[in-house]
Amino acid sequence: MSEKLAGWINERIPFEWGILRKSLDEPIPRHMHKWWFCLGGTPLYLFVIQILSGIALAIYYVPEPGAAFESVRYITREAPFGWWVRGVHRWSAELMVVSVILHMIRVFFTGAYRRPRELNWFIGMGLLVAVLTFGFSGYSLVYNQLSYWATVVGANITSAVPLVGEFAGGFLRGGPEITANTLTRMYILHIVVLPVATIALIAFHLFLLRLHGVSEQEEGAKEGAGEESGRFFPFYPDHLMTELTVGLFLIFLISQLAIIFPVGLGEPANPAVTPAHIKPEWYFYPVFRYLKFFSFKVGIVSVVFFAAGMFAWPWIDAAIERRLPGRNVSFYFGIAAAVTMIMLILMEGLSGRVAFFTLFFAIAVAVVIALFILKGLLKQ
């Protein structure tokens with residue numbers, strides 16, 4: 001029966017099924033049994049959830065200043081399961097930011113960005129920028145007081161970027177001020193431009209990953225070759241089952257977060273009244289706090305310089321390694337960058353709450369210790 005069915009399908013879809021069999025036979029290094037090495041598939045799951053829940057929200061959302069907040073209110077309070085779909089969209093977005101950042105941290109501290117995988121690091125940084133822009137544009141669509149003024153601040157920051165800032169800021173706003181054009185452009189950016197760009201980046205990332213294979217840890221590469229040596233395990237069914245298990249857990253986790261921590265509405269946007277405290281989403285806290293330490297122009301230029309350096313890090317690291325071989329400079333740079341980012345997030349998140357500074361210091365110390373422990377774990 002099964003042979004007849006297979007023959008029927010093969011006659012109508014004359015595909016070379018050996019290609020699929022070869023793809024499923026991809027050898028996976030044994031360190032991928034550990035969950036922290038498998039974070040690459042998590043953003044893909046979350047992106048699919050984002051698309052499905054985003055399509056459901058787009059059915060009711062109206063991208064006009066006079067109707068945007070009301071449509072979000074209708075989704076949240078009147079549309080069947082609208083509050084849950086909105087919560088799923090919000091929490092999967094939050095987890096997608098976390099998972100991309102964690103995956104980039106793992107790649108950084110294991111040196112998986114080094115030759116010949118520099119382009120995959122570059123693509124990963126592009127995905128991180130796309131995910132953060134997803135967050136910014138999606139937040140602005142709610143059109144409540146905080147999201148409106150966060151859009152004003154974000155557009156002003158964009159305008160201050162050297163060389164392309166004026167054009168980019170004006171294009172984002174659709175003019176010199178935040179108007180109906182701004183909301184329309186944010187909507188197109190959020191539902192068309194960013195999804196297409198993200199799909200293209202993910203496809204190119206997977207294509208390069210397929211060509212190069214999954215990077216091995218140094219200890220594993222020194223051992224014998226071949227699957228018989230225990231260095232590898234098959235993609236199908238072992239690794240596929242791991243990814244499916246992670247996917248099912250994510251669906252459960254996001255659903256619970258949407259129920260336990262439902263997304264609020266806030267007050268409708270009022271361009272005439274500036275809120276006392278404007279705060280962006282937590283993943284923009286480091287930049288937001290950092291800019292308060294310097295003049296606006298100096299802060300923006302240094303942030304752009306740092307971002308460009310992160311894109312070019314594989315080549316910078318290679319140059320450092322040639323001058324200081326074996327010093328492991330990238331590890332100490334990564335520790336310093338991670339601690340600085342966490343400190344800036346806590347400083348912004350706990351600003352005005354002096355009583356929490358002791359906790360903030362304790363957490364910073366704990367993070368440093370955890371990163372040193374992580375280094376030991378990654379060597380195993």
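Salt bridges in the predicted model

In this predicted model, the side chains of arginine 90 and glutamate 281 form a salt bridge, with a distance of 3.4 Å from N to O. The two partners come from distant parts of the chain, 191 residues apart. Arginine 90 sits in helix H5 (residues 82–110), whereas glutamate 281 belongs to the loop between helix H11 (235–260) and helix H12 (285–291). Their surroundings can be compared with the cut-off for burial, which is under 20% relative accessible area. Glutamate 281 has a relative accessible area of 10% and is therefore buried. Arginine 90, at 33%, is partly exposed.

Glutamate 348 takes part in a salt bridge with arginine 289, the N to O distance being 3.1 Å. Arginine 289 is in helix H12 and glutamate 348 in helix H15 (residues 329–349), so this pair ties together parts that lie 59 residues apart in sequence. Both side chains' residues count as buried: arginine 289 has a relative accessible area of 15%, and glutamate 348 has one of 1%.

Glutamate 348 also forms a salt bridge with lysine 292, where the closest N and O atoms are 3.2 Å apart. Lysine 292 lies in the loop between H12 and helix H13 (296–311), and because glutamate 348 is in helix H15, the pair ties together parts 56 residues apart in sequence. Lysine 292 is partly exposed, with a relative accessibility of 47%, while its partner glutamate 348 is buried at 1%.

Elsewhere, a network of salt bridges links Glu70, Arg73 and Glu78. The count for the model comes to eight salt bridges.

Conventions
Residues are numbered from 1 along each chain as its sequence is written. This is a predicted model: local features need pLDDT of at least 70, side-chain atom pairs count only at pLDDT 80 or more; totals for chains, interfaces and linings use all residues. Side-chain values use heavy atoms; hydrogens and water are left out. A salt bridge is a side-chain nitrogen of Lys or Arg within 4 Å of a carboxyl oxygen of Asp or Glu. Helices (H or I, at least four residues) and strands (E, at least two) are DSSP runs, numbered from the N terminus. Buried means under 20% relative accessible area, exposed over 50%, partly exposed in between (1.4 Å probe, protein chains only).
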